[in-house]
Amino acid sequence: SLGRAADSEAYFRRVLAIQDKAIGPDTQMAALTRANLGALLHIHGKDEESEVVLRAALAIQERVLPPDHPELVFSLSNLALTMRARGQVQAAIDLLIRALRISDKANGPDHTNAAGIRQNLGSMLVQLGRLDEALAEFNYARKIREAALGPGHPDVALLQADIGELL
């Protein structure tokens, strides 16, 4: 990133306006652009607007895709992060559990996508004081990442730090 958040946000809004006009707002393409905009808004701390945009993206996807389509995982995961930032941790956990079910069904439980979901889920479980469950999620995510990336990878080290903080 070049650090030009305002330009990036304006770009996504222009793309969205073009897509909505050219192909209509109820398309997977427009939903993905909304999801990207929502994720960007979250990164820049605009979580109230991020939630609105991500919910709109998810609603479109739920209309145009099958209920267990893997492309739902991105929107569900990003909405979960926004909900967590807004203090709605249990709602965020529910979204991640749904994302994990879809990811596991589409890719298998040991896919690298599941590792990221499990790591976020573990962090949220820590917030609710559900430490044993969090530890199980962190360990599973570590196992997936070690198999995919090797034990010396920085992403594995981050998970080991999460585990170390719990113990």
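**Helices H2 and H6 and the aromatic contacts**

Helix H2, residues 28-43, contains 16 residues, which should span 22 Å at 1.5 Å a residue; the end C-alpha atoms are 22 Å apart, in agreement with that value. The model is predicted. Within H2, the buried positions are Gln28, Ala30, Ala31, Thr33, Arg34, Ala35, Leu37, Gly38, Ala39, Leu40 and Leu41. Just after H2, Gly45 adopts a positive phi of about 80°.

Helix H6 covers residues 112-127, and its 16 residues reach 24 Å from the first C-alpha to the last, close to the 22 Å expected at 1.5 Å a residue. Buried residues in H6 include Ala114, Ala115, Gly116, Ile117 and Arg118, and further along the helix Leu121, Gly122, Met124 and Leu125 are among them. The buried residues of H6 pack against helices H4 (72-85), H5 (89-107), H7 (131-149) and H8 (154-166). Just after H6, a positive phi of about 80° is found at Gly129.

Arg118, one of the buried residues of H6, lies over the face of Tyr140, at 4.1 Å from the ring centre. Lys143 also lies over the face of Tyr140, at 4.6 Å from the ring centre.

A pair of aromatic rings is described by the distance of the centres and the angle of the planes. The count of aromatic pairs is one. This pair is formed by Tyr11 and Phe12, with 5.8 Å centre to centre and 70° between the planes. The arrangement of Tyr11 and Phe12 is edge-to-face, because planes over 60 degrees apart are assigned to that class. Tyr11 counts as partly exposed, because its relative accessibility is 47%.

Terms used
Residues are numbered from 1 along each chain as its sequence is written. This is a predicted model: local features need pLDDT of at least 70, side-chain atom pairs count only at pLDDT 80 or more; totals for chains, interfaces and linings use all residues. Side-chain values use heavy atoms; hydrogens and water are left out. Rings of Phe, Tyr and Trp (its six-membered ring) pair if their centres lie within 6.5 Å; planes under 30 degrees apart count as stacked, over 60 as edge-to-face and the rest as tilted. Buried means under 20% relative accessible area, exposed over 50%, partly exposed in between (1.4 Å probe, protein chains only). A charge sits over a ring if NZ of Lys or CZ of Arg is within 6 Å of the ring centre and within 35 degrees of the ring normal. Helices (H or I, at least four residues) and strands (E, at least two) are DSSP runs, numbered from the N terminus. The expected span of a helix is 1.5 Å times one less than its number of residues. Contact means heavy atoms within 4.5 Å.
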